[in-house]
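Visitor: I'd like a close look at one part of this model: the salt bridges. Could you walk me through how they fit into the fold?

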Amino acid sequence: GTIPQALFLMNGPIVHNRTQAKGGTELGRILKDSPDDTAALEELYLLVLARRPTADETKVCAEYLTDAKDRKEAFEDIYWSLVNSTEFLSRR
């Protein structure tokens, strides 16, 4: 069978490249400009979902960031999760 188009797009190279925390990307800029994780998280939510994270979302993400070995990779995971969320996909 073929890969459904939506699944390919969510896991494809375009989404992967856009959610990286390297120079020239939005996430790279957010992490550079916001050394505080809470501020960076809020800015990322505003960018992707056009709203601030709820208290529960902030707590879950903060725990994930605390346990992560690499801040950039953790924020890349969060960014990817937001882009692939039902809320993001239904906002098109």
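Guide: Sure, let's start with the backdrop. Of the chain's 92 residues, 32% count as buried. Keep in mind that this is a predicted model. The fold has seven helices and zero strands, and 53% of the contacts with a separation of 6 or more are between residues 24 or more positions apart.

Now for the charged pairs: the count comes to six salt bridges. A good place to zoom in is Arg-29, whose side chain meets that of Glu-26 at 3.1 Å, N to O. Both sit in helix H3, three residues apart, about one turn of the helix. Arg-29 is partly exposed at 33% relative accessible area, and Glu-26 is partly exposed too, at 34%.

Arg-29 also has a salt bridge to Glu-43, at 2.8 Å, N to O. This pair links distant parts of the chain, since Glu-43 belongs to helix H4 and Arg-29 to helix H3, 14 residues apart. Glu-43 has a relative accessible area of 25%, so it counts as partly exposed.

Helix H4 comes up again with Glu-42, which forms a salt bridge with Arg-52, the closest N and O atoms being 2.9 Å apart. Here the link runs from helix H4 to the loop between H4 and H5, across ten residues. Glu-42 is partly exposed at 30%, whereas Arg-52 is exposed at 51%.

Back to Arg-29 for the wider picture: through shared partners, salt bridges join Glu-26, Arg-29, Asp-33 and Glu-43 into one network.

Definitions and conventions
Residues are numbered from 1 along each chain as its sequence is written. This is a predicted model: local features need pLDDT of at least 70, side-chain atom pairs count only at pLDDT 80 or more; totals for chains, interfaces and linings use all residues. Side-chain values use heavy atoms; hydrogens and water are left out. Helices (H or I, at least four residues) and strands (E, at least two) are DSSP runs, numbered from the N terminus. Buried means under 20% relative accessible area, exposed over 50%, partly exposed in between (1.4 Å probe, protein chains only). Contact means heavy atoms within 4.5 Å. A salt bridge is a side-chain nitrogen of Lys or Arg within 4 Å of a carboxyl oxygen of Asp or Glu.
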